[in-house]
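Here is a friendly walk through one protein model, from its charged contacts to its strands and rings. Keep the viewer open and follow along as each residue comes up.

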Amino acid sequence: MHVYERRDEAYEEVWVSEFLEGAIGGIAVTDINDDGLDEIVAYSESGRLVFFDTADYGVLWSNPPNEYEQLTAMLVHNIDDDAQDELVLCADGRLVVYDGRDQFEEWRSDQNNIEATDILVADVDGDGADEIVLNDGFVFDARFLDMEWQSPESFGERLGALDIDNDDIPEIIGEFGGRYLRIFDIDLRRMKPSRQ
């Protein structure tokens, strides 16, 4: 991982991390441990989670080696309305919720065939509560962590949510092949037909 600072008209590299035991899968900058200061949260595809201090880039915390063999997706989001964010992870084929402040695994799914590479949290079925949507087709209730639906097809490589039909319920917009979009109505549990 590299950090660059803008200096006049150019950027200068000011820090390079140690090797994180695998390719970096994602990075977020947030107050993950509820101390009033932002941290850099990174994960590697080989299963490591690391929190870095944004002031001196020192390691504040990392998960134990071999806790996970593979991480394919991460989203930082407060899904339980407590004071701090959680890490929502796809780890070793399961959906995992990890406490950001106290650094422990709060919950893991019974489903062990999850292959998601993108995660979105939004109220996509109009019930007033958020869902965790995985791009491989799984939809979980974010509060109680029950699986609400498994789509027979994936939602694409990358996900977005937008109410495109003005029904006050956002649809899932999935990107396929880097150039095609498909729209999914999660409340109706189907792909939205294209207009004729």
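A salt bridge here is a side-chain nitrogen of Lys or Arg within 4 Å of a carboxyl oxygen of Asp or Glu. Please keep in mind that this is a predicted model.

## Salt bridges

How many salt bridges does a search of the whole structure find? The count is nine. Let us start with Arg-101 and Asp-102, which form one of them, with 3.3 Å between the closest N and O atoms. Arg-101 has a relative accessibility of 35% and is partly exposed. Asp-102 is also partly exposed, at 41%.

A little further along, Glu-105 and Arg-108 meet through their side chains in a salt bridge, at 2.7 Å from N to O. Glu-105 is partly exposed, with a relative accessibility of 26%, and Arg-108 is partly exposed as well, with 40%. Elsewhere, salt bridges link Glu-5, Arg-7 and Glu-12 into a network.

## A bridge between two strands

Next, look at Arg-158 and Glu-175. Their salt bridge brings the closest N and O atoms to 2.6 Å. This contact links distant parts of the chain: Arg-158 belongs to strand E15 (residues 158-162) and Glu-175 to strand E16 (residues 171-176), with the two residues 17 apart.

Is each partner buried or exposed? Glu-175 counts as buried because its relative accessible area, 17%, falls under the 20% cut-off. Arg-158 counts as exposed because its value of 52% is over 50%.

## The sheet around E15 and E16

The strands that carry this salt bridge also belong to an open sheet. Four strands make up that sheet, in the order E15-E16-E17-E18, and their pairing is antiparallel. Why is one side of E15 and of E18 left without a neighbour in the sheet? E15 and strand E18 (190-191) stand at the edges and each has a single partner strand, so one side of each stays unpaired in the sheet.

As general background, strands of a sheet pair through backbone hydrogen bonds, either parallel or antiparallel. Between E15 and E16, which run antiparallel, there are five bridges. To find the register in the viewer, place Leu-159 opposite Gly-174 in E16.

Also worth a look is the charge–ring contact of Phe-176 and Arg-182. Arg-182 lies over the face of Phe-176, at 4.4 Å from the ring centre.

## Strand E11 and its partner

Strand E11 covers residues 119-122. Ile-119 and Val-121 point one way from E11, while Leu-120 and Ala-122 point the other way. What do these side chains share? All of them are buried.

E11 pairs with strand E12 (residues 131-134) in the antiparallel sense, over four bridges. Within this pairing, Val-121 of E11 stands opposite Ile-132 in E12.

## Aromatic pairs

The rings form nine aromatic pairs. One of them is the edge-to-face pair of Trp-107 and Phe-140, with 6.1 Å from centre to centre and 75° between the planes. The two rings come from distant parts of the chain: Trp-107 sits in strand E10 (residues 104-108) and Phe-140 in strand E13 (residues 138-141), 33 residues apart. Trp-107 is partly exposed, with a relative accessible area of 21%, whereas Phe-140 is buried, at 0%.

Trp-149 and Phe-155 form a tilted pair, with 6.1 Å between the centres and 45° between the planes. Trp-149 is buried, with a relative accessibility of 13%, and Phe-155 is buried too, at 0%. A further group, made of Phe-51, Trp-61, Tyr-68 and Tyr-98, forms one aromatic cluster.

## A nonpolar patch on the surface

Finally, turn to the surface. Which residues form a nonpolar patch there? Ile-24, Ile-27 and Val-29 do, with about 250 Å² of accessible area together.

Val-29 lies in strand E3 (residues 24-30). Val-29 is classed as exposed because its relative accessible area of 55% is over 50%.

Methods:
Residues numbered from 1 in each chain as written. Predicted model: local features only at pLDDT ≥ 70, side-chain atom pairs only at ≥ 80, totals over all residues. Heavy atoms only, no water. Buried < 20%, exposed > 50% of the residue type's maximum accessible area, 1.4 Å probe, protein only. Pairing = 2+ DSSP bridges. Patch = residues over 30% accessible without salt bridge, like charges linked within 9 Å, V, L, I, M, F, W, Y side chains within 5 Å. Areas by Shrake-Rupley, 256 points an atom, 1.4 Å probe, with all protein chains shown as cover. Phe/Tyr/Trp six-rings, centres within 6.5 Å; stacked < 30°, edge-to-face > 60°. Lys NZ or Arg CZ within 6 Å of the ring centre and 35° of its normal.
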